[in-house]
Amino acid sequence: MFSTVLLVALGGAIGAALRFLSGVAILRLTGPAEFPLAIMSVNVVGSFLMGIFVVAAAHKGLTHLSPFVMTGLLGGFTTFSAFSLETVTLMERGAHASAGFYVALSVGLSIMGLMAGLWLARGMFL
């Protein structure tokens, strides 16, 4: 059990560092913006990778890596709490339409990302 907790912690640290670096890279590419593009991007990419991992792990017998990859790495990489904060921040600024658009786009694209990851991985392993 303790080794599993350590794997989750290690994965979480790596995922959080990757989220930070992704945010810096997106900020450098796009410049400062009112719309939280970096947070949305990591949530979509993380969902896509989750879809790929679920299928790959099931077909390759790698489900024992789920605590490290799914809970740790992808849990640390994706940012639902940050997503919630960005949504409320937009609402508090009076940008209700942007907040609604952000929620719909983030949730919709993240679900589509997961579905695309499942589709891609199933094509690779079936």
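What pattern does the chain follow when read along the sequence? Colour the model by secondary structure and trace the chain: the pattern is α-α-α-α-α, with five helices and zero strands. Keep in mind as you go that this is a predicted model.

**Stop 1: the whole chain**

Start with everything selected. Along its principal axes, the C-alpha trace spans about 50 × 35 × 25 Å. Switch on a surface, and about 7,600 Å² is exposed, 75% of it supplied by carbon and sulfur atoms. Of the 126 residues in the chain, 29% are buried. If you draw a contact map, look at the contacts with a separation of 6 or more: residues 24 or more positions apart account for 77% of them.

**Stop 2: helix H2**

Now select residues 37-60, which form helix H2. This helix has 24 residues, and the distance from its first C-alpha to its last is 34 Å, close to the 34 Å expected at 1.5 Å a residue.

Show the side chains next and pick out the buried positions of H2. Among them are Ile39, Met40, Val42 and Asn43. Moving along, you also meet buried Gly46, Ser47 and Gly51, and then Phe53, Val55, Ala56 and Ala57, which are buried as well. As you rotate the view, remember that an α-helix has 3.6 residues a turn, so residues three or four places apart point the same way.

What covers the buried residues of H2? Bring the other helices back into view: the cover includes H1 (2-30), H3 (66-77), H4 (80-92) and H5 (96-125).

Before leaving, click on Gly61, just after H2. Its phi is positive, at about 65°.

**Stop 3: H2 against H5**

Hide the rest and keep H2 and H5. Two packed helices are described by the angle between their axes and the distance between the axes. For this pair the angle is about 25°, and the axes are 7 Å apart. Angles under 35 degrees count as roughly parallel, so H2 and H5 are roughly parallel to each other. Look down through the pair to see the handedness: H2 passes H5 in a right-handed crossing.

**Stop 4: Ser110**

Finish by zooming in on Ser110, in helix H5. Is Ser110 buried or exposed? Its relative accessible area is 13%, and the cut-off for buried is under 20%, so Ser110 is buried.

Which residues does Ser110 touch, not counting those up to four places away in sequence? Select Asn43, Val44, Ser47 and Leu105 to show these partners. Two of these names are familiar from Stop 2: Asn43 and Ser47 are buried residues of H2.

Note on methods. Residues are numbered from 1 along each chain as its sequence is written. This is a predicted model: local features need pLDDT of at least 70, side-chain atom pairs count only at pLDDT 80 or more; totals for chains, interfaces and linings use all residues. Side-chain values use heavy atoms; hydrogens and water are left out. Helices (H or I, at least four residues) and strands (E, at least two) are DSSP runs, numbered from the N terminus. The expected span of a helix is 1.5 Å times one less than its number of residues. Buried means under 20% relative accessible area, exposed over 50%, partly exposed in between (1.4 Å probe, protein chains only). Contact means heavy atoms within 4.5 Å. Accessible areas come from the Shrake-Rupley method with a 1.4 Å probe; for residues, only the protein chains shown count as cover. Axes are lines fitted to C-alpha atoms, for helices over the stretch in contact, and angles run from 0 to 180 degrees between N-to-C directions. Angles under 35 degrees count as roughly parallel, over 145 as roughly antiparallel, 65 to 115 as roughly perpendicular and the rest as oblique. A crossing is left-handed if the near helix is turned anticlockwise from the far one by less than a right angle, and right-handed if clockwise.
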